[in-house]
Amino acid sequence: MIFAIVFLVLIVIFATWLMGMYNSLVRAKNEVGNAWSQIDVQLNRRHDLIPNLVETVKGYMTHERETLEAVTKARQQAVQITGGSVEEKARAENALSQTLRSLFAVSENYPQLKANENFLALQEELTSTENKISFSRQYYNDSVLNLNNKIQMFPTNLFASAFNFKPAAFFEVEAPEARKPVAVKF
Amino acid sequence: MLEQIRANRRRALVLVAGMAVLLAAVGYGLAEYAAPGAGAFGVVVALIVWSIQALVSYYSGDSIVLRISDARKIEKKDHPVLFNVVEEMCVASGLSRVPDIYIIDDDALNAFATGRDPQHASVAVTAGLLKELDRDELQGVIGHELGHVNNHDVLYMMMLAVMMGTIILLAGLGRRVLFRTGPGTRTGGRRSRGGGIILIVAILLMIFAPILAQLLYLALSRRREYLSDASSALYTRYPEGLARALEKLGRSTQKLHSATPALAPMYIVNPLKVTATGLSDLTSTHPPLSERIRILRSMGGNTGLAGYDEAFRKVTGRPVGVVAFAAPGRPPSPVPPTEHADRVRQTTDALWALNDYIFIDCPCGTRLKIPPVYAGKKIECPHCSRVHEVH
């Protein structure tokens, strides 16, 4: 009798432990999905802000038409990629970041623009959105790492393969070509 | 982190239970004093008071705390930069709801977080802080506060603050009753015995309030401050920001007017600091600032929780780290290299390339440089243990 009760208790403890492990895997997996959608939210926010920025800046920067056009074009390309691969998307968004950076760089030459409150507010919004984009990538990569660790490490790995949990892919920070070794001339 | 969250919940429960015992004792004493034999009734009343108080501190402790500290809620248009920084840190920490944001109109440099869980959290910063800190530093401070929110420190700290407030209030009340009844009891012979009891209770409360405060301060171990520093470094990937902010906070001599002993442990740096900070280190609620700064500074490029742990052990010389149950295997995350370091790296890479070394960029951010003899073999990344084919 006592033996049976002890056995039963042990089984219950074991089952609870298994359940906890399974739930932790599911939680890690959902976290990855959630983190991924965060990146998308921030990218869309940036797309929404840019037309306002261009509209505000247009009146002041009469000599920088090319810079403005580059921003508009890069935004267009980034928006159009909806079903594309992750790499394609990352490349378009990086190009957009570059054009924005050069826009803010040339804006230094226009003191009147720097005094425009609307412009300053937009600049703050865009800076913050850029930060949020990189933070959401960072968080996405952290949660991917967490999930992959769970999938590959003992004892959760036994479970992961049984229930078909797949490791997720990391979000590369830069476009692949930016990672090639840089040629240095002596 | 789960471990820490559970410990916090347990501590909050112990706190509430301890408060019940204390109040029941006071109720018993008061009732016996008023009418001998009515002790049980007093206990019942005290327990009703206690349950109301516990519920109030759980559900609206945050608004009480915020009101006491003279914090006012702000909208995005009032301070867009602060709002954005909080939002950024939420994204970085994976917090699903942006906390309510409050400003305390005070020149002192300080900040705290409160709320019962991440879904009901608030952060408050002083106006002085907003004026003195740049964006990176503000990010570090907010990261620290959201660290408290994410580790569920806020519930315990809030309950503690409200309970402490109640005890201090009770002590004051006891003193008042004592002084009022003091002269009147001279004539009544029956009252003299009861007067003795309330005297004892009141004196005990008066003695206990400050001692209890001290004990709770210590229980509010400094470890959670270290842990939140570690979280901040993890979220911002830039420990230098928080280090600089702490430096500024430590240098400021402005006193926070709304600070009380009950609220002191919630702040990022002790708002009741005496000028000789070195002396009060042993009993203070916060770890010494200089140590916190040194740990953050010696993290180098390894900004994960493990990196903080290593820096902590190196700086303090203690064998046991502060984030022992941190999420396993968070690897060092690459920091953006400075311009100089970047140039040096490019040059050395060029030299390796001249010697036919093979480069592999691991997704974890490490660049592996492999001697040509390994071509065609497999190699493991020393940081994240991914296996790469060498072509």
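Trainee: In which kind of crossing, left-handed or right-handed, does H3(B) pass H5(B)?

Mentor: Good place to start, and please keep in mind that this is a predicted model. H3(B) passes H5(B) in a right-handed crossing.

Trainee: What makes H3(B) oblique to H5(B)?

Mentor: Take the angle. The axes of helix H3 (residues 80-93) of chain B and helix H5 (residues 135-150) of chain B cross at roughly 50° and come within 9 Å. Angles under 35 degrees count as roughly parallel, and 65 to 115 as roughly perpendicular. The value of roughly 50° belongs to neither class, so H3(B) is oblique to H5(B).

Trainee: Which residues make that contact?

Mentor: From H3(B) come B:Val81, B:Val85, B:Val86, B:Glu88, B:Met89, B:Cys90 and B:Ser93. H5(B) contributes B:Arg135, B:Leu138, B:Gln139, B:Ile142, B:Gly143, B:Leu146 and B:Asn150. By class, the contact of H3(B) with H5(B) has eight nonpolar, four polar and two charged residues.

Trainee: Why is H8(B) called oblique to H9(B)?

Mentor: Here helix H8 (residues 223-236) and helix H9 (residues 239-251) of chain B have axes that cross at roughly 130° and come within 8 Å. Angles over 145 degrees count as roughly antiparallel, and those from 65 to 115 as roughly perpendicular. Roughly 130° fits neither, so H8(B) is oblique to H9(B).

Trainee: What do H8(B) and H9(B) bring to their meeting?

Mentor: B:Asp229, B:Ser232, B:Ala233 and B:Thr236 of H8(B) meet B:Pro239, B:Gly241 and B:Leu242 of H9(B). Sorted by class, that contact has three nonpolar, three polar and one charged residues.

Trainee: Let's turn to burial. Why does B:His152 count as buried or exposed?

Mentor: B:His152 has 23 C-beta neighbours inside 10 Å. The cut-off for buried is 20 or more, so B:His152 counts as buried. B:His152 sits in the loop between H5 and H6 of chain B. Its phi is near 60°, a positive value in a residue other than glycine.

Trainee: And how do you know whether A:Asn164 is buried or exposed?

Mentor: Count again: A:Asn164 has 6 C-beta neighbours inside 10 Å. A residue with 12 or fewer is exposed, so A:Asn164 counts as exposed. A:Asn164 is found in the segment after H6 of chain A, and A:Asn164 has a positive phi of about 60° although it is not a glycine.

Trainee: What makes B:Val45 partly exposed?

Mentor: B:Val45 has 17 C-beta neighbours inside 10 Å. Buried needs 20 or more and exposed 12 or fewer, so with 17 B:Val45 counts as partly exposed. B:Val45 is found in helix H2 (residues 39-68) of chain B. Its C-alpha atom and that of B:Thr348, 303 residues apart along the chain, are separated by 77 Å.

Trainee: Why is B:Leu170 called partly exposed?

Mentor: B:Leu170 has 19 other C-beta atoms within 10 Å. Since buried starts at 20 and exposed ends at 12, B:Leu170 is partly exposed. B:Leu170 is found in helix H6 of chain B. The C-alpha atoms of B:Leu170 and B:Ile5 are separated by 31 Å, with their positions 165 residues apart along the chain.

Trainee: Which residues touch the most other members of the largest nonpolar core?

Mentor: In that core of 87 residues they are B:Ala111, B:Ala124, B:Val141, B:Met159 and B:Ala161. Helix H6 (residues 153-184) of chain B gives the most to this core, with twelve residues. Another core, of ten residues, lies apart from it; A:Val57, A:Val71, A:Leu100 and A:Leu103 are among them.

Trainee: What makes the bond from A:Phe154 to A:Pro155 cis?

Mentor: Look at omega: for the peptide bond from A:Phe154 to A:Pro155 it is near 0°. A:Pro155 lies in the loop between helix H5 (117-152) and helix H6 (156-162) of chain A.

Trainee: How many helices and strands does each chain have?

Mentor: Chain A comes to six helices and zero strands, while chain B comes to twelve helices and eight strands. Of the 186 residues of chain A, 25% count as buried; in chain B, buried residues make up 40% of the 391 residues.

Technical notes. Residues numbered from 1 in each chain as written. Chains lettered and ligands numbered in written order. Predicted model: local features only at pLDDT ≥ 70, side-chain atom pairs only at ≥ 80, totals over all residues. Axes fitted to C-alpha atoms, helices over the stretch in contact; angles between N-to-C directions. Helix = DSSP H or I, 4+ residues; strand = E, 2+ residues; numbered from the N terminus. Left-handed = near helix turned anticlockwise from the far one by under 90°. Contact = placed C-beta atoms within 7 Å. Nonpolar A, V, L, I, M, F, W, Y, C, P; charged D, E, K, R; others polar. Core = buried A, V, L, I, M, F, W, Y, C linked by C-beta atoms within 7 Å.
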